[in-house]
Every structure is written in C-alpha cells, then in structure tokens.
Amino acid sequence: MKVYFHDNSAADQREDHDSGTEISLSDVGKLGVLAYQYKGENALKGVNDLAKQRDYKNQDVIVISPEAMGEIYEDKVKAFYKEHLHEDEEIRYIIDGEGFFDVRDKEDRWIRMKLVAGDLIILPAGIYHRFTTTEKNYVKAMRLFKDEPKWTPLNRPCDNNSYRQQYVQSLLA
C-alpha cells in the first residue's frame, strides 16, 4: 500500500495525484485507519481470522468496473468520490485490481492510499473519506460488515453527527 499526501489538483480523480510526500502507515494509524496485507494461499484465512477477531459477521464481494456496472459506472465512481463518512467502520479487502481511498488528516489535508490486491483497510466510523478506482477502472473487493450489509454515506458537512464527534474526540485523546 502506497500512502502519500494528495496533490489537490483538479485532474481526473483516477490519476495518482501523488504530491511526492509519502506518509507512513503508522502516521495513518494515528488517524484510526488500520492497514493489513493478506497475500498468498493463506490470504483468505487471514481475512477471515481478522473478521472473527473484530466481530464482522457478514461480507460480500463487489466489482467496480465499466464491464460489471455498465452505464452507471461513471456516476457511481463519482458518487463514491464525494467526501462522506459512515456510522460504521468501512472494511475493504482488495481481491483484484486497485483503487484509492482518500482520508482527511488532523489538518484537513487529503491523504491518498493506493490499495492493490492483498491490501485490507479499516476506516473508523466518523472519518471523512472518499474512494475511486485508478485509471485501470477495475477493482474487485470484499466488503466486511459487523451486522447486515449496508453502505450509507453521509456527505460532508455533517460535523454534528455523533459518530463524527466521537471520531474527532478520539483524535484529541
């Protein structure tokens, strides 16, 4: 997983947008973001063990590509890229392809994380973030959920949301 500050250019969201300033996984961890890598023949066992440890009860697999989604692909990718938060953790394991997750740091700057096959990310509830495919326009990912599968984005601004407030408080601790 490559992690760096986003260059903030207005070019296509699927470009790398690499500012040239890398960020360590430990620094991203200070934002509550957890990152793992599961590759090889025991990869799925590792993902399932993590799911059990963190009490994730459900999962599904999604493919985000023009071939899989047809005419709605571009609109969906743009929707995923709108800055938002969730009231649950967002857990994604990249099975194939690649994509970008952008999260806000404590100074409200974008940090871009490029995930490739084998990478797993856990975003805490309440963190502002967004997602996009790369220029390859293809990612196959497993989504993990604590309860019934749901994906409800709350677009920014929603600073009065209790999950957002809890997240901000966790950064101050």
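## Helix α2 and what covers it

In this predicted model, the buried residues of helix α2 are covered by parts of the chain that include β3, β6, β8 and β10. The residues of α2 (43–53) that count as buried are A43, G46, V47, L50 and A51. Seen down the helix axis, these buried residues fall within an arc of 140 degrees, so they line one face of α2.

The other side of α2 carries K45, K52 and Q53, which are exposed. Just after the helix, D55 takes a positive phi of about 65 degrees.

## Helices α4 and α5

Helix α4 (73–80) has Y73, V77 and F80 among its residues, and these three are buried. Because the buried residues of α4 fall within an arc of 60 degrees when seen down the axis, they line one face of the helix. The elements covering them include β4 (58–64), α3 (66–69), β5 and β9.

In helix α5, which spans residues 162–172, the residues R164, Y167 and L171 are buried. They cover an arc of only 65 degrees around the axis, which puts them on the same side of α5. These buried residues pack against β5, whereas the face turned away from the buried side carries the exposed residues Q166, Q169 and L172. The N-terminal end of α5 is capped by N161, with a side-chain oxygen lying 2.7 Å from the backbone nitrogen of Y163.

## H84 in strand β5

Strand β5 consists of residues 84–85, and H84 is found in it. With a relative accessibility of 2%, H84 counts as buried. The side chain of H84 is joined to that of H86 by a polar contact of 3.2 Å.

Leaving aside residues up to four places away in sequence, H84 touches E90, I127, Y128, H129, R130, W151, P153, L154, N155 and R156. One of these partners, R130, also lies over the face of W110, at 3.8 Å from the ring centre.

## Nonpolar cores

What lies at the centre of the contacts in the nonpolar interior? In general, nonpolar side chains in soluble globular proteins tend to be buried together.The largest nonpolar core has 25 residues, and of these V33, I64, V103, I111, M113 and L123 touch the most other members. At least two residues of this core are supplied by each of β1 (2–6), α4, β6, β7 (110–116), β8 (119–123), β10 (139–145) and α5.

V103 shows how such a residue is surrounded: not counting residues up to four places away in sequence, V103 touches L31, V33, R109, W110, I111, M113, L123, I127, Y128 and H129. A second, separate core is made of twelve residues, and Y38, V47, A51 and I91 are included in it. Of these, V47 and A51 are buried residues of α2.

## Aromatic pairs and charges over rings

The model contains four aromatic pairs. In one of them, the ring centres of Y38 and Y93 are 6.5 Å apart and the planes stand at 65 degrees, and because an angle over 60 degrees counts as edge-to-face, the pair is edge-to-face. Y38 lies in the loop between β3 (34–37) and α2, while Y93 lies in strand β6 (residues 90–104), so the pair ties together parts that are 55 residues apart in sequence. Y38 counts as buried at 16% relative accessibility, and Y93 likewise counts as buried at 7%. Ring pairs also bring Y36 into a cluster with Y38 and Y93.

F101 and F131 form another aromatic pair, this one tilted, with 4.9 Å from centre to centre and 50 degrees between the planes. Since F101 lies in strand β6 and F131 in strand β9 (residues 129–133), the pair ties together parts that are 30 residues apart in sequence. Both of these phenylalanines, F101 and F131, are buried. Apart from the ring pairs, R112 lies over the face of F100, at 4.1 Å from the ring centre.

Technical notes: Residues are numbered from 1 along each chain as its sequence is written. This is a predicted model: local features need pLDDT of at least 70, side-chain atom pairs count only at pLDDT 80 or more; totals for chains, interfaces and linings use all residues. Side-chain values use heavy atoms; hydrogens and water are left out. Rings of Phe, Tyr and Trp (its six-membered ring) pair if their centres lie within 6.5 Å; planes under 30 degrees apart count as stacked, over 60 as edge-to-face and the rest as tilted. Helices (H or I, at least four residues) and strands (E, at least two) are DSSP runs, numbered from the N terminus. Buried means under 20% relative accessible area, exposed over 50%, partly exposed in between (1.4 Å probe, protein chains only). A charge sits over a ring if NZ of Lys or CZ of Arg is within 6 Å of the ring centre and within 35 degrees of the ring normal. A polar contact is a pair of N or O atoms within 3.5 Å; within protein, one must be able to donate a hydrogen and the other to accept it, and residues adjacent in sequence count only if both atoms are side-chain atoms. Contact means heavy atoms within 4.5 Å. The arc is that of the directions from the helix axis to the C-beta atoms. A nonpolar core is a set of buried Ala, Val, Leu, Ile, Met, Phe, Trp, Tyr and Cys residues joined through side-chain atoms within 4.5 Å.
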